[in-house]
Every structure is written in C-alpha cells, then in structure tokens.
Amino acid sequence: LGAGSGLAGLVAWRLCGAARVVLTDGSQTVLELLKKNVELNSPSGPGDGGEVVPGIVEVAPVVWGQGTAKELGGPFDVVLAADVLYGRGGTGWEGPGHPLKKGLFLNGEAFLWD
C-alpha cells in the first residue's frame, strides 16, 4: 500500500524471496513509475540475463480505504505500507475493519512507515 517507487516491494521480491508481490498506489502517475521500475528490475531487466516469470510482481491501483485484499488476490502474509496514516486522525486502527487488518492472513504481519 502506498508503494511509491516500489523499493520495499522490489527488495521483498528480489532479495527476500517473496513468491508474489502486489505493488499498489492511488496515483496514476505513481502506478506508471511502478510499472517501469518493475520492468527495469525484473530478471530480464538490464544486465540480468534471466527470464521473467509472469505474475510474480503486479502493479494495481488502490485508493486507501477502498477495495479489498480479496480483489488483489489476498489475504497476504505480509503487508508493507507507507504514508497510509497521514492525516487520517481516528481511523480506528484498533478495529477489525481497518484496511490493513482486512488484508492479512490471521497470523500475518503489517509493517508501516509514516
């Protein structure tokens, strides 16, 4: 959520062995940047010589508080989120309906940077 340039998700994919990564953002401009960064960092990107495995990294539009993890193929074991609490005030993080909690498996983990 709030992938920005996609660095955290790309590191999770390329260096940490994540089987599947879905990079999301609410900005169309950011989504275009994400697609380009995935292309540049894919195994068939510059200097890698490998083959791309389709579907490992996906880019999808998500507006905070809208949509569901199920629509993205979740729930997920891990959710990385940046700038998702900015200016939200009382979003009810403690409640079971919070978007991050709805996106996780029962024993999943969420990592937030704000």
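1. Of the 114 residues in the chain, 29% are buried. The model discussed here is predicted, and the points below describe its elements, its nonpolar cores and a few individual residues.

2. The chain contains three helices and four strands. Their order along the sequence is α-β-α-β-β-α-β. As for contacts, consider those between residues at least 6 apart in sequence: 68% of them join residues at least 24 apart.

3. The largest nonpolar core is made of nine residues. Its members are Leu10, Trp13, Val21, Leu23, Leu31, Leu34, Val38, Ile56 and Val57. Two or more residues of this core are contributed by each of helix 1 (7-14), strand 1 (21-25) and helix 2 (28-41). Helix 2 gives the largest share, namely three residues. Another core, apart from this one, has eight residues, including Ala60, Leu72, Val79 and Leu104.

4. Leu23, a member of the largest core, merits a separate remark on its contacts. When neighbours within four places in sequence are set aside, Leu23 is in contact with Ala3, Gly6, Gly9, Leu34, Val38, Val57, Glu58, Val59 and Ala60. Among these partners, Leu34, Val38 and Val57 are also listed in the largest core, while Ala60 is named in the other core.

5. How are helix 1 and helix 2 placed relative to each other? They pack at an angle of about 30°, and their axes are 11 Å apart. Because angles under 35 degrees count as roughly parallel, helix 1 and helix 2 are roughly parallel to each other. Their crossing is right-handed.

6. Which residues make the contact between these two helices? Helix 1 supplies Leu10, Trp13 and Arg14, and helix 2 supplies Asn37, Val38 and Asn41. By character, the residues of this contact are three nonpolar, two polar and one charged. Leu10, Trp13 and Val38 also belong to the largest nonpolar core, so the reader may wish to view points 3 and 6 together.7. Asn37, one of the contact residues of helix 2, is located in that helix. Is this residue buried or exposed? Asn37 counts as buried because its relative accessibility is 16%, and the cut-off for buried is under 20%. Not counting residues up to four places away in sequence, Asn37 touches Ser5 and Leu10. Of these, Leu10 is part of helix 1's side of the contact described above.

8. Lys35 is also found in helix 2. Its relative accessible area is 42%, which means that Lys35 is partly exposed. Along the chain Lys35 and Ser5 are 30 residues apart, and their C-alpha atoms are separated by 9.4 Å. Ser5 has already appeared as a residue touched by Asn37.

9. Val78 belongs to strand 3, which covers residues 76-82. With a relative accessibility of 42%, Val78 counts as partly exposed. Val78 and Gly108 are 30 residues apart in sequence, yet the C-alpha to C-alpha separation in space is 5.6 Å. Leaving out residues up to four places away in sequence, Val78 touches Leu104, Glu109 and Phe111. Leu104 is among the residues of the eight-residue core.

Technical notes:
Residues numbered from 1 in each chain as written. Predicted model: local features only at pLDDT ≥ 70, side-chain atom pairs only at ≥ 80, totals over all residues. Heavy atoms only, no water. Core = buried A, V, L, I, M, F, W, Y, C linked by side-chain atoms within 4.5 Å. Buried < 20%, exposed > 50% of the residue type's maximum accessible area, 1.4 Å probe, protein only. Contact = heavy atoms within 4.5 Å. Axes fitted to C-alpha atoms, helices over the stretch in contact; angles between N-to-C directions. Parallel < 35°, antiparallel > 145°, perpendicular 65-115°, else oblique. Left-handed = near helix turned anticlockwise from the far one by under 90°. Nonpolar A, V, L, I, M, F, W, Y, C, P; charged D, E, K, R; others polar.
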